[in-house]
Amino acid sequence: MQYDNGGELLVAHLESLGIDTVFGIVSVHNLPLVEAVDRHLRFVPVRHEATAVSAADGYGRARGSIGCALTSTGTGAGNAAGSLIEALSAGTAVLHVTGQVESEYLGSGRGFIHETKDQLGMLSAVSTYAATVTSARDAGRVLREASAAALATPGGPASVEWPIDLQYAAQQDAGEAVPSGEAPSPDAAELAAAQALLAQSRRPLIWAGGGARHARQELAALLEATGAGLIGSNSGRGSVPEDHPLVIGNFGTNPAVRALLADADVLVTIGTHFRSNETADYNLKLPEAHIQIDADAAALGRVYPARHALHGDAAAVLPSLTGAAVRADADWSARVTAVRTEVRAALHDDIGPQAALCDALAAALPRGAVVARDVTIPSSSWGNRLLPIHDPRANVFPRGGGIGQGLGMGIGAALARPDEPTVVIAGDGGLAVHFGELLTVAQERPRLTLIVFNDGGYGVLRNMQDKYGERRSGVDLFTPDFGPLAAACALPYARIAAPEEAAPVLEAALASDGPTLVEVDLTALGPMKNPFTPPVKIPTA
C-alpha cells in the first residue's frame, strides 16, 4: 500500500484496530500525524502529555481493547512517562506514538530542538515494547508490531518514536503480518493434579485478578459449579457481576475473609499480581492448597507458593477445572454469602455520611457504566470495594497507585462510550495535578460527572501523619472555590454538603447529556467513623 505520508498510514492502522478517537498534543514534531487523525478520526487535544496516555488508557479499558496517544519528542515524551508506567503496571494496551527529531540528526547530541538523550532507552524502560521508525518502508511493520505487543498477554503500553522527516515522507507498506506467539499451555501433569485437588474440595475459594477480565463466562461457570466464594483483587472486579451472592469482592484483608481463607481447603487464583496493598504488605495468609493460573510465567509462585502452577490463559484453562469440580458443602456456600453481607454492611457503616454518596451512585448509574476513580479516600475506602462493579470494562482506576490520573482516564472512557454516563471520583489534591484538563472537558463536552471530594489537601497522608506523627508536612493545600472555577470553564456546577443532597444532585448530573462538576464539601458533610489510612507499614517508636 502507498500512503501520502505517515499520518495517512497511521490512520489506516488505527482504523484496523477499531480506534476512532486519539488523544494528544500537537507539535512541530508530530504535525503530519495529528493533521491526518483530525481529518479522518477524532483528535482530542488534551493539555498535558501524561493525560494523553491516561485518556488513551481509559479509552482502551472502557472498550476492552486499545487506545492511542500522540505526543511530541523530548520533553513531551518525558511528560508521558508517568502514565506509561501506569499502563505498564496494569498491563493495559496503549499505542503511544511520539515524534522524533529529523533522522539526519538523531542521536547526534547537538541540541536540536526537542532532542533528548536516548529517548528510546527511556521509552523502553516504561513500555512493554519500544522501537524507532527508521525508514518510510518499515513504519507500518513497526506500528503492527507495537500494537500486537500492547494487546498480547501480559500486555502494556507500546511506544513508537517517529522522526519528523519520515512522517512527512510518502510511505510504502508491504502489509506483512506480525507473527503471533504460541499460546501458553499448562503442564498436563500439573493440570491433572489440580483437577484432582479441586474434585476433593468441599470448602473452595477463588481469587480473581485482572487476568480474569477476559474469562468472564468461564469464571462464572466455575463459580456455579463449585459454589465457591469469589474474592476479587481491585483489578478483577466485575469479572463476575458483584451482585452475585457468591461474590465477596475486594475484601481480601478483612478479618472475616481472612477467616474464610484460613478454613478453605483450596484456593484457585486467576491472573493476579497479589499487590502489596491488597495483601497487607504480603502478610495475608493463603491456603497451602493453592492452584495458580497465569498467562505470565514469571507471575507463577512469585509472591505466594503455588502447589499447582498452571501456565496458560484463564479462558482456556478454567473449563478443564470446571469439568472436574464438585459442589461445595452447603454450609460453606452459605457462610460465603453471609461474609459477603457482613463485610459490606461493616464498611457501609464505617464510612458514615459518605454512604449516602455510594448509595446514590449505585442507584443512579446504569448497570455497567464506567466509574473512573483517582487515588483518594472515597475511592480507596468504598469506591474500590462497596460501589458495585458489574463489568470489568467499567472498572477504571490507576492500578499502580499514581495520584492525578483519574480525570484523564475518565475523559478517555467517556469518549469511548458516549451513550452512557461516566463518573470520575477524585480528590481536590489529585485533581490539582491536572487542573488543565478541566479545559479539555469544557472543550469536548463528554457525558462525564466529575465528583471532587474536597478536604483541603492530601487527606490520606494527612490521616497517616495525624495517626503516626506529631505534625503535618505538605498535606494541607490551598484549594480553589470550585463554583467560580467551574463557571470559568463553562462547566455546570453543583455542591453536596449533606447526605440528603447526594441523591438529587447526582441523579441530575448523571441525567445530563454533558459534563458536570460536583463538589462534595467533606467539612460540611462530616467525617467517617474511622479516618482512613492506607495499608502500608509505618515504623513507630
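How many nonpolar, polar and charged residues are in the lining of the second largest cavity? The legend to Figure 4 gives the count by class for the second largest cavity.

The model is predicted, so local features need pLDDT of at least 70 and side-chain atom pairs count only at pLDDT 80 or more, while totals for chains, interfaces and linings use all residues. Residues are numbered from 1 along each chain as its sequence is written, and side-chain values use heavy atoms, with hydrogens and water left out.

**Figure 1. The largest pocket and its lining.** The largest pocket has a volume of about 1100 Å³. A pocket is an open set of points on a 1 Å grid over the protein atoms alone, with protein on both sides within 12 Å along at least five of seven lines, and lining residues have an atom within 4 Å of a point. Grid points are joined across faces, edges and corners, and a volume is the space filled by probe spheres set on the points. Among the 49 lining residues, Thr376, Ile377, Ser380, Val460 and Phe532 are the closest to the centre of the largest pocket. Two or more lining residues come from each of helix 14 (377-383), helix 16 (428-433), strand 18 (448-454), helix 18 (459-468) and helix 21 (522-525). Helices (H or I, at least four residues) and strands (E, at least two) are DSSP runs, numbered from the N terminus. Helix 18 gives the most to this lining, with five residues. By class, the lining of the largest pocket holds 18 nonpolar, 21 polar and ten charged residues. Here Ala, Val, Leu, Ile, Met, Phe, Trp, Tyr, Cys and Pro count as nonpolar, Asp, Glu, Lys and Arg as charged, and the others, Gly among them, as polar.

**Figure 2. The second largest pocket.** The space in the second largest pocket is about 920 Å³. It is lined by 47 residues, of which Gly91, Pro154, Gly210, Arg213 and His214 are the closest to its centre. Helix 3 (49-63), helix 4 (75-90), helix 6 (139-151), strand 13 (290-294) and helix 11 (314-324) each supply at least two residues of the lining. The most come from helix 3, with four residues. This lining has 15 nonpolar, 18 polar and 14 charged residues.

**Figure 3. The largest cavity.** A cavity is a set of grid points where a 1.4 Å probe fits but cannot get out. By this rule there are four cavities of 30 Å³ or more. The largest cavity holds about 70 Å³ of space. Of its 13 lining residues, Leu230, Gly232, Gly236, Arg237 and Val247 are the closest to its centre. Strand 10 (229-232) and strand 11 (247-249) are the elements that give two or more residues to this lining, and strand 10 gives the most, with three. The lining of the largest cavity has five nonpolar, six polar and two charged residues.

**Figure 4. The second largest cavity.** About 40 Å³ of space lies in the second largest cavity. Its lining consists of Leu438, Val441, Leu448, Leu450, Leu491, Pro515, Thr516 and Leu517. Helix 17 (437-444), strand 18 and strand 20 (516-521) each supply at least two of these residues. By class, seven are nonpolar, one is polar and none is charged.

**Figure 5. Strand 5 and its partners.** Seven of the seven residues of strand 5 (residues 94-100) are buried, that is, under 20% relative accessible area, with exposed meaning over 50% and partly exposed in between (1.4 Å probe, protein chains only). In a regular strand, side chains alternate between the two faces of the sheet. Val94, His96, Thr98 and Gln100 are buried on one side of strand 5, and Leu95, Val97 and Gly99 are buried on the other. Strand 4 (residues 67-71) runs parallel to strand 5 and is joined to it by five bridges; two strands pair if DSSP finds at least two bridges between them. Alanine 69 has histidine 96 of strand 5 as its bridge partner. Strand 5 also pairs in the parallel sense with strand 7 (residues 157-163), over seven bridges, and leucine 95 has alanine 158 of strand 7 as its bridge partner.

**Figure 6. Serine 147 in helix 6.** Serine 147 is buried, with a relative accessible area of 3%. Leaving aside neighbours within four places in sequence, serine 147 is in contact (heavy atoms within 4.5 Å) with His13, Leu17, Ile66 and Leu95.
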